[in-house]
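Reader: Could you walk me through a few of the contacts and pairings here, in plain terms?

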Amino acid sequence: MDWNDLRAFLAVAQLGSLRRAAETLAVTQPTIARRLRTLESDLGLPLFERDRDGHRLTAAGAELLPEARAVETAALRFERRSHGVVDRLADTVRIAAGDWSALLLARGLGAGDDGPRIELLVTGEASAVTGRAPEILVRHGLPPAGDGLTRRVGSIDCAIYGAPGFASDRAVPLEPADLASLPWLGFVEEQQHYVTMGWLRALMRERPPAARLMRTDLMVAAAVGGVGVALLPRFLGDAQPGLVRLSVPIEALRADYWVITGPELSRNASVRAAMAWIADCFRRAELGPGEGRAGRGSGVSC
């Protein structure tokens, strides 16, 4: 089985079309189609149903998708390890990431010393950074097609959290109507374009938030203090002893994260090792600890 066939399968499964998969992998559309036919022939299974709207996974394809993603993670980890064996990387790689993904990556900074040194910036776009531009951008959602190397690294689940008092005498997870009655925390006006803020405003029926804050760590502190409920990534909210998960994971806000680097850096050993490390961080977060602590309610899962 050819790894490139699996990459084609993963890209089409994620993007839903041969054209978009070809653009992401920087190959031609016939190449993607040929690799899918080869993989289906090797497995003896149809992986996609093809219609005018694109490509949809068959039941067999959906069942095999997690295994293919595990192979992808293992391949990235192998690539990172090979870099460490050949040369103990000493370059510093600058990574720009949004608030949630930067917090996730910061948790993984101590996961070994066999890669390049990392500089981690909290930003949404590389152009927003002054001084030296980052070598890698971590982006929420599918990036536009362009030159360079683009790779899916994982996703982040989120839910609504609050102080234990908000769950007293209520069955957790709360129903949307109950959530909509609670005071809530939002980002500042300059960050109202965030998808999470649009979703929260709709849930809260356009009621103003109890407080606006600029960073997620400030939102956690306010939520622990009982100021209001907050929409937080599960890897962070589930680990806070002063918070209770009040909602089920919000599927509408679960989107993939991608790493992007320029064409001139896509073959740089340090950059590729850093990208493999990012994928490892997301993989560990997705595997995560158990389904939360006692008292968070039954049936709450990804």
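**Helices and strands, one at a time**

Author: Let's start with a helix contact: Ser101, Leu104 and Leu105 of helix 5 meet Trp277, Ile278, Cys281, Phe282 and Ala285 of helix 10. Keep in mind that this is a predicted model.

Reader: How many of the residues in the contact of helix 5 with helix 10 are nonpolar, polar and charged?

Author: Helix 5 brings Ser101, Leu104 and Leu105 to the contact. Across helix 5 and helix 10 together, no contact residue is charged and 1 is polar, while the nonpolar ones number 7.

Reader: Is helix 5 roughly parallel or roughly perpendicular to helix 10?

Author: Helix 5 covers residues 99-107 and helix 10 covers residues 269-287, and their axes lie 9 Å apart. The packing angle is about 95°. Angles of 65 to 115 degrees count as roughly perpendicular, so helix 5 against helix 10 is roughly perpendicular.

Reader: On to strand 6: which residue in strand 12 is the bridge partner of Arg152?

Author: Strand 6 (residues 149-155) has 7 of its 7 residues buried. It runs antiparallel to strand 12 (residues 256-261), with 6 bridges joining the two. Within strand 12, Arg152 has as its bridge partner Trp258.

Reader: Which strands are the edge strands of the open sheet with the order 10-7-11?

Author: That open sheet has 3 strands with antiparallel pairing. Strand 7 (residues 158-162) is joined to strand 10 by 4 bridges, and Ile160 has Leu231 in strand 10 as its bridge partner. Two strands pair on one side only, which makes the edges strand 10 (230-233) and strand 11 (244-245).

Conventions: Residues are numbered from 1 along each chain as its sequence is written. This is a predicted model: local features need pLDDT of at least 70, side-chain atom pairs count only at pLDDT 80 or more; totals for chains, interfaces and linings use all residues. Side-chain values use heavy atoms; hydrogens and water are left out. Axes are lines fitted to C-alpha atoms, for helices over the stretch in contact, and angles run from 0 to 180 degrees between N-to-C directions. Angles under 35 degrees count as roughly parallel, over 145 as roughly antiparallel, 65 to 115 as roughly perpendicular and the rest as oblique. Contact means heavy atoms within 4.5 Å. Ala, Val, Leu, Ile, Met, Phe, Trp, Tyr, Cys and Pro count as nonpolar, Asp, Glu, Lys and Arg as charged, and the others, Gly among them, as polar. Buried means under 20% relative accessible area, exposed over 50%, partly exposed in between (1.4 Å probe, protein chains only). Two strands pair if DSSP finds at least two bridges between them.
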